[in-house]
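Reader: I would like to learn how to read a model of this kind, one feature at a time. Could you take me through it, giving the general idea first and then the case at hand?

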Amino acid sequence: MVKPLAKLFQAPEKNILADIGKTAANMQNIIDLSIGDPDQRTALPIIEQAYQDMKAGYTHYTASAGDPGFLQAILATHNTRFHTHYDLTNVRATAGASHAMFIALGAILDPGDEVIIHEPYFTSYKVEIQAFGAKPVFVKTTADHQFQLQAADLEAAITPKTKAVIINSPNNPTGAVFSKATLAAIVAVARQYDLYLFADEVYWPYVYGAHEFIPLEALAPERTIVTGSLSKVFAMTGFRIGYLLAPEKINDAAGLLNEGVAYTPSAPGQRAGKFALEHLADFMPTLRDDFKKRLTYLATELAKVPYLKVMPAAGSIYLFVDIRQSGMDDVAFSDYLLKQKQVLVIPGRAFGDSGKGFIRIAATQDMATLALAVKAFQELKF
Ligand SMILES: Cc1ncc(COP(=O)(O)O)c(C=O)c1O
């Protein structure tokens, strides 16, 4: 006998995604619209640069905050585009936004603290908060408000234990892009109750039409913790490269924790990240235009399908589609769609209860594949 696992892992919750994944794994020729990883190849010059830099010796530990060139590229990108005033005391290289979120949460949380998350939400936040003995508190958002967090709902969820709020815009899974008015109202509440604000900005360039990405850190620099990533911006998920931008005290504490977590992300990844950010204008618009075209096509065509209700895509690389008129719930619908038409999507409740009745469609396939998926939705019979 050995002693039990941590209480957190002794009775794992039912994992809807794993169940669907199991069914899908036994099927052939699936149209997989479940993946949050851009299908496009990382731009060759980025790969080439990482390769050259590895040959030139960038295969060792970097300085603990990160490769100086990568850190400068992050600062230049943010300060120029978002009118912020970050310097080297505020920035840290991380293995993706997930790692940045983990070490920054660790920097501010004590057991019993509460962190507010707007639902539907990117599911990894939950265990990251729980790992520090803190409690995630979920606040619903609805399609009626374009899935924008309402300040009154946020305020109603605040208790004396609330320490922080995680904001994710452009949003996974809903595609919502929070307006300036929404963010200003959130900032006012955060200031009134003295809360930290996390800004998960991994999809920042993916905004469409009249929607605009508003950097929360420009509105409330004193309390905002940015978790950034090159994963989606440059189709570089496998490089595992991202960053933290935060007030100096938080960045320092996150650095202390990170000494025992990852120390630094990979040196070649940071060199690739430096090059990518320095050439953002060369690489990013192509990816954004791809996703804009795909999401516009999907939203237009799926809106014509009688049992679906679709809002035009505001941002991100996903569509969040209301399937309630099918008469099925989101889990039954996803299962039926998979079995009848071999199209794999994610039921909305995988992102929290307020996702019930919706499915998430990731536009991470080419146009020809998406056309097949549209046909499948059109042909589905009940
Ligand atoms: C909202 C959101 N935040 C963070 C991440 C994690 O990104 P990274 O690859 O930088 O860890 C993802 C990945 O899907 C995401 O959708």
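Author: What follows goes from the ligand and its surroundings to some loops and backbone features. The model is predicted, so local features need pLDDT of at least 70 and side-chain atom pairs count only at pLDDT 80 or more, while totals for chains, interfaces and linings use all residues. Residues are numbered from 1 along each chain as its sequence is written, and side-chain values use heavy atoms, with hydrogens and water left out.

Reader: Which residues come nearest to the ligand?

Author: A residue is near a molecule if one of its heavy atoms lies within 4 Å of it. Here 14 residues are around the ligand, and A97, S98, D200, S229 and K232 come nearest. The shell divides into 5 nonpolar, 6 polar and 3 charged residues, where Ala, Val, Leu, Ile, Met, Phe, Trp, Tyr, Cys and Pro count as nonpolar, Asp, Glu, Lys and Arg as charged, and the others, Gly among them, as polar.

Reader: Which helix gives the most to that shell?

Author: Helices (H or I, at least four residues) and strands (E, at least two) are DSSP runs, numbered from the N terminus. Helix α4, residues 96–108, gives the most to the shell, with 3 residues.

Reader: Which side chains have a polar atom beside an oxygen atom of the ligand?

Author: A polar contact is a pair of N or O atoms within 3.5 Å; within protein, one must be able to donate a hydrogen and the other to accept it, and residues adjacent in sequence count only if both atoms are side-chain atoms. Polar side-chain atoms lie at 2.5 Å from a ligand oxygen for S98, at 2.6 Å for K232 and at 2.7 Å for R240. Taken alone, the ligand exposes 400 Å², and the protein buries 92% of that, with accessible areas coming from the Shrake-Rupley method with a 1.4 Å probe.

Reader: How should I read the words buried and exposed for single residues, for instance R41?

Author: Buried means under 20% relative accessible area, exposed over 50%, and partly exposed in between, with a 1.4 Å probe and protein chains only. R41, found in the loop between β1 (31–32) and α2 (44–55), counts as exposed because its relative accessible area is 62%. T141, in the loop between β4 (135–140) and α6 (151–157), counts as buried because its relative accessibility is 4%.

Reader: What does the side chain of T141 reach?

Author: The side chain of T141 reaches the backbone oxygen of E119 at 2.6 Å. E119 is itself joined to P120 by a cis peptide bond, with omega about -10°, and P120 has its place in the loop between β3 (114–119) and α5 (124–130). A cis peptide bond also joins N172 and P173, with omega about 20°, and P173 lies in the loop between β5 (162–168) and α7 (180–193).

Reader: Where does the backbone show a positive phi in a residue that is not a glycine?

Author: Two cases can be read here, D194 with a phi of about 55° and A235 with a phi of about 50°. D194 is in the loop between α7 and β6 (196–200), whereas A235 lies in the loop between β7 (224–229) and β8 (242–245).

Reader: Are D194 and A235 buried or exposed?

Author: D194 counts as exposed because its relative accessibility is 57%, whereas A235 is buried because its relative accessible area is 6%.
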